[in-house]
Amino acid sequence: MGLSRRTFNALACTTALGLALGGSAAVTCAYAAPTAPTGPAPAPPAADGRRHTIGFDRYSLLVDGRRLVVWSGEMHPFRLPSPSLWRDVLQKMRAHGYNTVSIYVSWNYHSPAPEQYDFTGIRDLDLFLRTAAETGLYVILRPGPYINAEIDGGGFPGWLTATKGAARTADPTYLSYVDEWLTQVNAIVARHLYTKGGGTVLLYQIENEYDSHVTEPTGRDYMAHLYKKVRSDGIDVPLFHNDKGRNGYWVPSSFDTGGEQGGWLYGFDGYPSPDKLPPDWGHFGTGGIKGGATASPRTPGFVPEFGGGWFDPWGGAWFDGKGYAESRRQRDAAYERRFYLTNLANGITLHSVYMTFGGTSWGWLPAPVVYTSYDYGAAIDEGRQPTAKLIPMHQLGQLLRHVPDFAKLDRAADVTVDGLKVYHLTNPDTHAHVYVLRNDGTEPVDATLPVPGTDLPVTVPARDARLLAAGIALGRRKLRYSNARPMLALTAGRQEIAVLTGQSGEATVTALECASLPKVTVVEGEAEHSYADGLLRIEAELDGLTRVLVTGGGTSTPLLLLLADDETSVRLWPRETPSGQVLVYGPALVRTASVSGETVRLTGDTVRATEVEVWGPRGTRRITWNGGDLKVHATSGGSLRSAEPLPGVGKVDLPALRDGWRRKTENPESAPGYDDSAWKPATRTTSYSTTPVPAGQPVLFADDYGFHYGDVWYRGHFVDARGAESVSLAYSTGTQGLLMAWLDGRPLGTHRMPVPDNSSVRQGSWADTAVFAVPEELRTAGAHVLSVLVRRMQHDQDGKAQDTHKVARGLTAVTFTGAAPQVSWRLQGEAVPDPVRGPQNNGGLHGERHGWHLPTFADGGWEAVRLPRADQGQGVTWYRTRFRLAVDAGVDASVGLVLDDDPARAYRVQIFLNGWNMGQYINDVGPQHTFALPNGILRTRGSNTLALAVLSDGTTPSGPSEVRLTLLGAAAGGVPVAAV
Ligand code: GAL
């Protein structure tokens, strides 16, 4: 198609910047005149080698001149360390109506040291972008450099904590590192831009929630620098920022974009509480500085992050995390309908749900505030299982894809209905009307449909909402009104199909305009119909799938009306193929659909035995399912149906983990004679940390010695402990950190990070001082060794741009009472990063430094033991076992590891599966007991090694006690999984 001169596109805007083409003319390149929103659902995007334009006006994005409502979900490749499974999650999103995936790319995950970058294996961004394009999803790319995301340092690499210069400012040292990062990311992204047909990258975000220095030159220069850097790296898709809290920051023209106009969108985020009223944050909102989209009237309403759940903090007294079942209960399917429909009703047409698949903050990825699971209560759970929250996402996503009227809505005349908040909108081109009926009360509300000329009853359940439409096209026919929710309309072969949905048992009335008396056949289920005054009324109580075939009535193409209850609607799978549209009904998931000749080829999953039914292009007579031919017959509703049900998934057996354990205690570092001569001497006297170096002390901060992740050991040598009464060990770890100390091999005790007071939380400095008495027998002349193990949590995030990721980790100062020996310190943290598993896999425990976590490690000499255990002692003990799985090929079993014990027992466990650090269990803090084990790391057909590194306070008996595998979900189907 021809490019509108005013459409933002690659060519025009790089010309404006004078970067790629050396041109100098400034081109205004936004606000394109769109083409009419007609025709069937657009083909999903692909790396098709063609050029595309991405423009926008105040209503929506315009892709190749056609309106696009972005219905996106966030997932983080770094929270699913098994690249084969990216395809699984992406296919589930695509099938359930999402058209876009939004991702953060986390700097720390790819960079163990300055100038060292890794984009291979589990870090293969190119593979992720290829997979997204193959799945037919657009990509919103968000590489920071700061991302927040409840990840270590908010995405900043550990090494950045030990560098000069203020992060998130225009400081030249910081910017030089940022450029290093962006150069690496952009070299990959530039190959996947939708504008160039290399992939499906649609939009690109710079920074995240940057609400500091907004009016200062350093903030504006920083944003301008990022903008220009990204453009000069060849990224030509629209750029945007995610404004925290709808401050109206970083709207167009708020910083220097090098003369380029129209390449910048305004985006803001929101995580509204389920207990509050859904906010009006779109163009139709009340406006003002906190009004969301109203801050930028000429760009479309864009929410790059809207809460799809919420992260759960650690358990225990201070944080009180309750686990993700609770998060999913509070922000359930009704929450999604109520809040997301309010967004649509406010004119928001770019919508991204954070998170849609949360995944796992494995290894040392989590920021101090969160534990290992980042399930988030999202629509797809951490075990990759669909939840009921997909129902509204599926219904709305399919609707926005198939019914173009929703991409351009203006407010229409106010409508009032007692007990409900009603939004009334209309499409100025098609004159379709849309109503969002929201019930903010705690009782269901029975009302009458607010469409003129009708008296239809509608019930809106408590704290829920429903979307109704009038005057939209269902194929060639027009829907005058319905109290069922529209979901899609498509053409399959000779007939058109429209799907309307609602709750099971709901009485629905659907009125279609028909110029003359149509022929109506109730093909399946029960429905009544009548015709008068050019209107066909179909009445049906929703129960499974009711099918009504309408032929004639002034239109030659038949319309099959499918009335589906909610549970049934998520087993209806519309697909676009080059040969035409296909609708599949039955299986738990349809991953791919293609048509060749007379065959519709489907891949997907079943859980229970189910028939499969297909409405396909003309001439299709055969179906294959996961490669196998199905016996089919043609139905009177125009479909092909399998003669036999597809089998469901068989039973998955998991072994008990009672036997075969071997045990070994480590921490030789606590012994006086341990050779620490190869450790790093603590000789530094200055630091770039925001934690001041205490007067008279060497720098003890682990990051300054290159140790950024996990545990750190210190050994302090001194002479003469006479008179020493106690030793004070000041340390800084974040949330659940701890410290344990030994003097001359004698345990002094364990100190755990206490509940901090509010002010120390605000400053991000979770620091405290452990004071241990020096045993009288050790208060002697001569040489002494103080051994200290510090369990760190990770670096703080830097949400306020105050360099809080640079708060010290590890010991900070050591003093004695009664004596003042000169202590010379050495320290040891993690070894050189594992080249495959990466920098965040290991800390500095003896076992980690010596490969005790690895499957190849020979543990034959260790003591054979059985669980449960109840040993008492301060320090580190490892347990290893092997187990075999023999899950049927063709079954996708998602497996978790459960740890449980008496919550009074003070110990924690690092879980290593086949060498991969799958997270940290803290028995007396919780709330997490189940740890997802991603297939690929878990060998579902073969042998696995489990190693548990148990760190015990020494104050109580310690486990492990109960250790078992659990099935998080299983389906026949799945994706091929390569071993990681
Ligand atoms: C947002 C932020 C995300 C994440 C989220 C909470 O404000 O942009 O990175 O931290 O909050 O999960």
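Is arginine 384 buried or exposed? With a relative accessibility of 3%, arginine 384 counts as buried (buried is under 20% relative accessible area, exposed over 50%, partly exposed in between, using a 1.4 Å probe and protein chains only). A note for all the views: this is a predicted model, where local features need pLDDT of at least 70, side-chain atom pairs count only at pLDDT 80 or more, and totals for chains, interfaces and linings use all residues. Residues are numbered from 1 along each chain as its sequence is written, and side-chain values use heavy atoms, with hydrogens and water left out.

**View A. Arginine 384 and what surrounds it.** Arginine 384 sits in the loop between β11 and α10 (helices are DSSP runs of H or I with at least four residues, strands are runs of E with at least two, and both are numbered from the N terminus). Setting aside neighbours within four places in sequence, arginine 384 touches Leu85, Asp88, Val89, Lys92, Phe357, Asp892, Ala893, Ser894 and Asn935 (contact means heavy atoms within 4.5 Å).

**View B. Helices α9 and α10 packed together.** Two packed helices are described by the angle between their axes and the distance between the axes. Here, α9 (residues 333–345) and α10 (residues 390–402) have axes that come within 9 Å and cross at roughly 30° (axes are lines fitted to C-alpha atoms, for helices over the stretch in contact, and angles run from 0 to 180 degrees between N-to-C directions). So α9 and α10 are roughly parallel to each other (angles under 35 degrees count as roughly parallel, over 145 as roughly antiparallel, 65 to 115 as roughly perpendicular and the rest as oblique). On the α9 side the contact uses Ala333, Glu336, Arg337, Tyr340, Leu341 and Leu344, and on the α10 side Pro392, Met393, Leu396 and Leu400. Sorted by class, that contact has 8 nonpolar, no polar and 2 charged residues (Ala, Val, Leu, Ile, Met, Phe, Trp, Tyr, Cys and Pro count as nonpolar, Asp, Glu, Lys and Arg as charged, and the others, Gly among them, as polar).

**View C. The largest nonpolar core, with valine 101.** This core has 128 residues, and Leu61, Met75, Val101, Leu141, Val189 and Tyr204 have the most contacts inside it (a nonpolar core is a set of buried Ala, Val, Leu, Ile, Met, Phe, Trp, Tyr and Cys residues joined through side-chain atoms within 4.5 Å). Helix α5 (residues 172–189) supplies the largest share of this core, 9 residues. Leaving out neighbours within four places in sequence, valine 101 has a list of partners including Met75, Leu90, Phe128, Ala132 and Ile140. A second, separate core has 85 residues, among them Ile151, Ala770, Leu899 and Met918.

**View D. Helix α5 and its cover.** The 18 residues of α5 reach 25 Å from first C-alpha to last, close to the 26 Å expected at 1.5 Å a residue (the expected span is 1.5 Å times one less than the number of residues). Buried residues in α5 include Tyr174, Tyr177, Glu180, Trp181, Asn186 and Val189. Among the elements covering the buried residues of α5 are α3 (107–110), α4 (125–135), β6 (138–142), β7 (201–205) and α6.

**View E. Helix α4, well wrapped.** Of the 11 residues of α4, 8 are buried, so α4 is largely enclosed by the rest of the structure. Those buried residues are Leu125, Asp126, Phe128, Leu129, Thr131, Ala132, Ala133 and Thr135. They pack against β4 (70–75), α2 (83–95), β5 (100–104), β6, α5 and β7.

**View F. Helix α6 and lysine 229.** Helix α6 (residues 217–232) has 16 residues that should span 22 Å at 1.5 Å a residue, and its end C-alpha atoms are indeed 22 Å apart. Lysine 229 lies in α6 and is buried, with a relative accessible area of 12%. Apart from neighbours within four places in sequence, lysine 229 is in contact with Asp179, Leu182, Thr183 and Asn186. Just after α6, glycine 234 takes a positive phi of about 90°.

**View G. Backbone oddities.** A cis peptide bond links tyrosine 354 to methionine 355, with omega about -5°, and methionine 355 is in strand β11 (residues 348–357). Asparagine 148 is not a glycine, yet has a positive phi of about 75°; asparagine 148 is in the loop between β6 and α5 and, at 16% relative accessibility, counts as buried.
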